[in-house]
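Morning, everyone. I've got one structure to walk you through today, so grab a coffee and have a look at the screen.

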Amino acid sequence: MTATAPAAPAVSPADAVERQLQEQFDATIAAQHRIEPRDWMPEGYRRTLIRQIAQHAHSEIIGMQPEGDWLLAAPSLRRKAILLAKVQDEAGHGMYLYSAAETLGADRADLTDKLIEGRQKYSSIFNYPTLTYADVGVIGWLVDGAAICNQVPLCRSSYGPYARAMIRVCKEESFHQRQGYELLMTMMHGTGEQRAMVQDAVDRWWWPSLMMFGPPDTDSPNSARSMAWGIKRHSNDELRQRFVDMTVPQAEFLGVTLPDPDLSLDPATGRYRFGPIDWEELKRVISGQGPCNAERIARRRAARDDNAWVTEAATAYAEKNS
Ligand code: 3HC
């Protein structure tokens, strides 16, 4: 009797379909095409996107607070109009992003609850106080500048609704960055006291702006997977370096000193070397121990609770008329 090879284990029809769907997904990612809401996607991809998009949306909404604090104290009608437009833009960004998360099956109210209960994060940068009007300019220049570095590549993110939302967000962030730089330029041409205010704000916001890009690549658990899926396009350290390279000449033109004695141009690479970042501070702020974390969340909680009746009335009206 001749020996026969053992039969290959049968693949169930469901497994075969799943494998085919996975292959289609992989081919779409490899071809740098977009995944759209109705396409099949691995559960991990969906979860990662919801995590990142929700964190991004929360950052935009919480990010209205530090600058919103200055709306009633803007030094002129012109500055007030500019600041109001900017803060409203941030609200719009949050709305596009929550909509993008909804296309993945997330529920907006549930995401807000998770933020308020500390189960989802928002950017560390918005946990620092805005002490003078120069902070408004420095947030525009440094924080929105960092946001642009981080978010322009996201216009090529593999998930269609996120990438498309980023196009408008980045155009508006570009305006935010310019208005900040223009405000600082005006102050730097003003009195000695105004120049000192700008320098003080730069001293306080420089290092937290570098932390916005996230932990170093060696300590970034999500980067490799997110980059393989095309959700993120560059690593945290690469984007941080781009930001430093872009910003140092702007600081020189403005006439401020960046608070880093180790900052120097590496002639071999044409890139700026910079000093060590205090990663313990980033960890503290992310874990809720930053200077303003409690205040930011308390205000967001109050906004949700105080305005619940509007949502209820709008929902009841929509149901009645559907
Ligand atoms: N603040 C708070 N949490 C941060 C953080 C920061 N600056 N940097 C990283 N983290 C968190 C991550 O969310 C992750 O937490 P989780 O796994 O529990 O969700 C953890 O720290 C480890 O970091 P990773 O590098 O592994 O995480 P990611 O791969 O997600 O990278 C990111 C972090 C670079 C912020 C990335 O999520 C990203 O590019 N997000 C999109 C942009 C965004 O959210 N920007 C926030 C600022 S929005 C803004 O600036 C508004 C504008 O108006 C100024």
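I'll go from the overall picture to one helix, then the pocket, the cysteines and a few single residues.

First, a caution: this is a predicted model, so please keep that in mind throughout. The protein has 322 residues, and 46% of them are buried. Its secondary structure comes to 13 helices and two strands. If you lay the C-alpha trace along its principal axes, the spans are about 100 × 65 × 35 Å.

Okay, on to α6. This helix runs over residues 133-151, which makes 19 residues. From the first C-alpha to the last, α6 reaches 26 Å, close to the 27 Å expected at 1.5 Å a residue. Still, there's a bend in α6 of about 35 degrees, and you'll find that bend at Ile-139.

How many of the 19 residues in α6 are buried? The count is 18, so to speak a mostly covered helix. Asp-144 sits in α6, and with a relative accessible area of 4%, Asp-144 counts as buried because the cut-off is under 20%. Look across from there to Ser-174: the two residues are 30 apart along the chain, and their C-alpha atoms are separated by 7.6 Å.

A quick reminder for anyone who doesn't stare at helices all day: an α-helix has 3.6 residues a turn, so residues three or four places apart point the same way.

Now the pocket. The largest pocket holds about 1,200 Å³ of space. Its lining is made by 50 residues, and the ones that lie nearest the centre are Gln-55, Ser-123, Met-212, Phe-213 and Gly-214. Several elements give two or more residues to that lining, including α2 (43-62), α4 (77-102), α7 (160-188) and α10 (236-254). Which element gives the most to the lining of the largest pocket? That's α6 again, with seven residues. As for the chemistry of the lining, you get 21 nonpolar, 16 polar and 13 charged residues.

Let me stay with Gly-214 for a second. Gly-214 is in the loop between α8 (192-211) and α9 (223-228), and at 12% relative accessible area Gly-214 is buried. Take Arg-78 as a partner for distance: the two are 136 residues apart along the chain, with 35 Å between their C-alpha atoms.

Somebody always asks about disulfides. The structure holds zero of them. Why is there no bond from Cys-149 to the closest cysteine sulfur? That closest sulfur belongs to Cys-170 and is 10 Å from the sulfur of Cys-149, which is too far for a bond, because a disulfide needs the pair within 2.5 Å. Cys-149 itself counts as buried, at 11% relative accessibility. Cys-292 is buried as well, with 5% relative accessibility.

Next, some loop residues. Ala-106 is found between α4 and α5 (108-116), and Ala-106 is buried, with a relative accessible area of 14%. In sequence, Ala-106 and Ile-50 are 56 residues apart, while in space they're 7.1 Å apart, C-alpha to C-alpha.

Then there's Leu-258, in the loop between α10 and β1 (264-266). Is Leu-258 buried or exposed? Leu-258 is buried, at 9% relative accessible area. Between Leu-258 and Ile-277, which are 19 residues apart along the chain, the C-alpha separation is 14 Å.

Last one: Gln-32, in the loop between α1 (13-30) and α2. Here's the background you need: most residues other than glycine have a negative phi. The phi of Gln-32, though, is near 60 degrees, a positive value in a residue that isn't glycine. And Gln-32 is exposed, because its relative accessible area is 51% and the cut-off for exposed is over 50%.

If you take one thing back to the bench, let it be α6: a mostly covered helix, bent at Ile-139, and the element that gives the most to the lining of the largest pocket. That's me done, over to you.

Technical notes: Residues are numbered from 1 along each chain as its sequence is written. This is a predicted model: local features need pLDDT of at least 70, side-chain atom pairs count only at pLDDT 80 or more; totals for chains, interfaces and linings use all residues. Side-chain values use heavy atoms; hydrogens and water are left out. Helices (H or I, at least four residues) and strands (E, at least two) are DSSP runs, numbered from the N terminus. The expected span of a helix is 1.5 Å times one less than its number of residues. The bend at a residue is the angle between axes fitted to the seven residues ending there and the seven starting there. Buried means under 20% relative accessible area, exposed over 50%, partly exposed in between (1.4 Å probe, protein chains only). On a 1 Å grid over the protein atoms alone, a cavity is a set of points where a 1.4 Å probe fits but cannot get out, and a pocket is an open set with protein on both sides within 12 Å along at least five of seven lines; lining residues have an atom within 4 Å of a point. Grid points are joined across faces, edges and corners, and a volume is the space filled by probe spheres set on the points. Ala, Val, Leu, Ile, Met, Phe, Trp, Tyr, Cys and Pro count as nonpolar, Asp, Glu, Lys and Arg as charged, and the others, Gly among them, as polar.
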